[in-house]
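Reader: Hello! Could you walk me through this structure with me asking and you answering? Please show it first.

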Number of protein chains: 2
Amino acid sequence: MSSRPSAHVVYNALKDRILGFALYPGTRVTETELAADFGVSRTPIREALQRLAAEGFVTIRPKQGCFVRELDIEEIDQLYQVRIALESLALEQALERMARPELEALARDWHPARADAAPTSVDAMAQRDESFHIALARGSGNRVLTGLLEDINTRIHIIRRLDFTDRERIAVTYAEHHRIAALLLAGDLATARELMGAHIRYSQDFARTLTLRRLADLRRAAPTSPADD
Amino acid sequence: MSSRPSAHVVYNALKDRILGFALYPGTRVTETELAADFGVSRTPIREALQRLAAEGFVTIRPKQGCFVRELDIEEIDQLYQVRIALESLALEQALERMARPELEALARDWHPARADAAPTSVDAMAQRDESFHIALARGSGNRVLTGLLEDINTRIHIIRRLDFTDRERIAVTYAEHHRIAALLLAGDLATARELMGAHIRYSQDFARTLTLRRLADLRRAAPTSPADD
DNA sequence: GTGCTCGTCATTGCATGCAACGTGGGATAC
DNA sequence: GTATCCCACGTTGCATGCAATGACGAGCAC
């Protein structure tokens with residue numbers, strides 16, 4: 001049934017909780033409590049926390065505890081800025097190294113006419129969106145770049161998926177993705193980059209306002225330490 | 001004397017060994033063996049290995065063992081490509097957000113006239129070089145960006161330090177660093193970027209040939225598994 | 001009443017023991 | 001002689017026990 005590596009299960013579960021705001025940023029979690037929660041010993045919990053700390057999701061203060069990383073708007077913004085730079089590089093290298101048939105498939109896949117057949121579920125659509133960007137990254141042949149972009153994607157996933165609650169935004173996504181692929185096929189790197197930049201920046205703006213509101217909601221709903229007011 | 005966190009000590013020691021090619025890429029290391037080596041139990045060893053795995057220095061194959069990551073030339077090249085893109089972004093954001101006095105200090109620090117007073121030790125000079133690039137990253141105010149660049153730096157550190165075995169290369173470094181800072185002060189982002197790109201690309205070329213030679217040397221000197229010939 | 005100190009408790013960090021899995025070698029069948 | 005199967009060993013993965021450290025609160029001095 002459950003695959004053996006408990007540590008992995010715990011790791012993924014915790015990451016999901018953190019990214020899904022089920023664990024409110026700033027929360028202190030103890031190994032014992034998590035161990036009891038997951039029904040395993042402290043050892044796999046520790047390993048999971050170590051990995052999460054290495055990836056920056058939690059902060060371990062020695063002999064003190066483990067705290068869920070505060071994910072401020074500033075950081076999300078910075079993640080998007082870096083993402084723009086990296087995806088721009090991906091485009092550049094994809095233009096040189098990506099196989100033409102693959103690119104054509106991508107263009108077909110995102111033909112605006114197919115927007116009607118887009119996934120109805122927000123999560124499915126978000127995944128489809130990510131797959132486009134990851135395909136380009138992979139197409140660059142640069143594994144380091146791909147890894148970094150995947151990492152950034154998981155960190156903004158929870159925000160980004162909210163892009164696709166709006167039907168019109170989905171249509172625009174199809175149009176822009178298609179156009180980016182087409183521009184690459186035509187060899188017009190400069191315009192492709194520009195469009196990609198704008199494409200991501202839109203998402204960035206959306207994320208900014210949305211995060212503000214979401215954080216405010218959460219803060220109102222679950223006041224962790226309202227003592228000092 | 002020895003600070004308590006054994007896991008940290010082990011982590012750093014292992015990272016140094018890996019980066020310094022004391023642990024040859026592809027080598028299989030067992031927890032028991034490392035535990036005996038460091039004189040600690042397997043627990044802190046495991047933690048260190050987990051972190052190293054999360055950062056991509058080793059690969060853990062479940063129930064099988066821990067292998068030192070193969071660091072091919074291709075990956076180093078890709079790290080440099082990403083680094084160029086990120087440092088370019090750093091310049092852009094540093095231009096907007098970095099305090100002028102800081103930039104001026106940087107320019108003064110790297111004035112070509114001071115090249116004579118450069119550190120004689122290769123390592124000291126490498127550190128000084130890194131501090132320049134990190135200062136710019138920090139100056140961007142983008143912590144995500146800074147973190148990524150620091151990460152990339154540690155991964156190419158062992159190669160990069162060999163840049164400074166040559167006295168003339170040091171002089172060129174001073175000149176270019178100074179010019180980059182000056183260009184930022186003058187607000188000429190485009191030229192600064194170009195120069196930074198060329199500056200790093202030189203290092204990249206150097207690394208490429210050097211890695212090839214170094215790996216060949218090591219392979220000749222320490223044949224790990226010559227059994228199958 | 002306020003500040004300091006000390007003791008208790010909770011929690012982490014490390015060591016060790018045990019079970020499960022993968023691997024390699026030897027024996028056997030053909 | 002070769003291929004296959006099985007067993008034993010090595011290694012990892014997890015559970016548990018113990019020591020040490022930092023935090024919190026009570027009590028005391030002023």
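Author: Happily, and here is a term to begin with: a polar contact is a pair of N or O atoms within 3.5 Å; within protein, one must be able to donate a hydrogen and the other to accept it, and residues adjacent in sequence count only if both atoms are side-chain atoms. This is a predicted model, in which local features need pLDDT of at least 70 and side-chain atom pairs count only at pLDDT 80 or more, while totals for chains, interfaces and linings use all residues. Residues are numbered from 1 along each chain as its sequence is written, chains are lettered from A and ligands numbered from 1 in the order in which they are written, and side-chain values use heavy atoms, leaving out hydrogens and water.

Reader: How far does a polar side-chain atom of Thr43(B) lie from a base nitrogen of DNA strand C?

Author: Ser6(B) places a backbone N or O atom 2.5 Å from a phosphate oxygen of DNA strand C. Arg42(A) instead brings a polar side-chain atom to 3.0 Å from a base nitrogen. For the polar side-chain atom of Thr43(B), the distance to a base nitrogen is 2.9 Å.

Reader: Which element gives the most to the surface near DNA strand C?

Author: A residue is near a strand if one of its heavy atoms lies within 4 Å of it, and 20 residues surround DNA strand C in this way. They divide into 6 nonpolar, 5 polar and 9 charged (Ala, Val, Leu, Ile, Met, Phe, Trp, Tyr, Cys and Pro count as nonpolar, Asp, Glu, Lys and Arg as charged, and the others, Gly among them, as polar). Helices (H or I, at least four residues) and strands (E, at least two) are DSSP runs, numbered from the N terminus. With 3 residues, the element that gives the most is α3(B).

Reader: What share of the atoms of DNA strand D within 4 Å of the protein belong to sugar or phosphate?

Author: Some of the contacts go to phosphate: polar backbone atoms of Ser6(A) and Ser41(A) are 2.5 Å and 2.6 Å from a phosphate oxygen of DNA strand D. An N or O atom in the side chain of Arg46(B) is 3.0 Å from a phosphate oxygen. Bases make up the rest of the atoms within 4 Å, and the sugar or phosphate share is 63%.

Reader: By what turn can chain A be laid on chain B?

Author: Copies are superposed by least squares on the C-alpha atoms of residues with pLDDT of at least 70 in both. The RMSD is 0.0 Å and the shift along the axis 0.0 Å, with a turn of 180°. That is the relation of a two-fold axis.

Reader: Why do the copies meet through the same surface?

Author: Contact means heavy atoms within 4.5 Å. Leu86(B), for one, is in contact with Val82(A) and Leu86(A). The copies meet through the same surface because the interface residues of chain A that are also interface residues in chain B amount to 96%.

Reader: Is Phe132(A) buried or exposed?

Author: Phe132(A) sits in helix α6 (residues 122-139) of chain A. Beyond four places in sequence, its contacts are Leu106(A), Trp110(A), His177(A), Ile180(A) and Met196(A). Buried means under 20% relative accessible area, exposed over 50%, partly exposed in between (1.4 Å probe, protein chains only). At a relative accessible area of 0%, Phe132(A) is buried.
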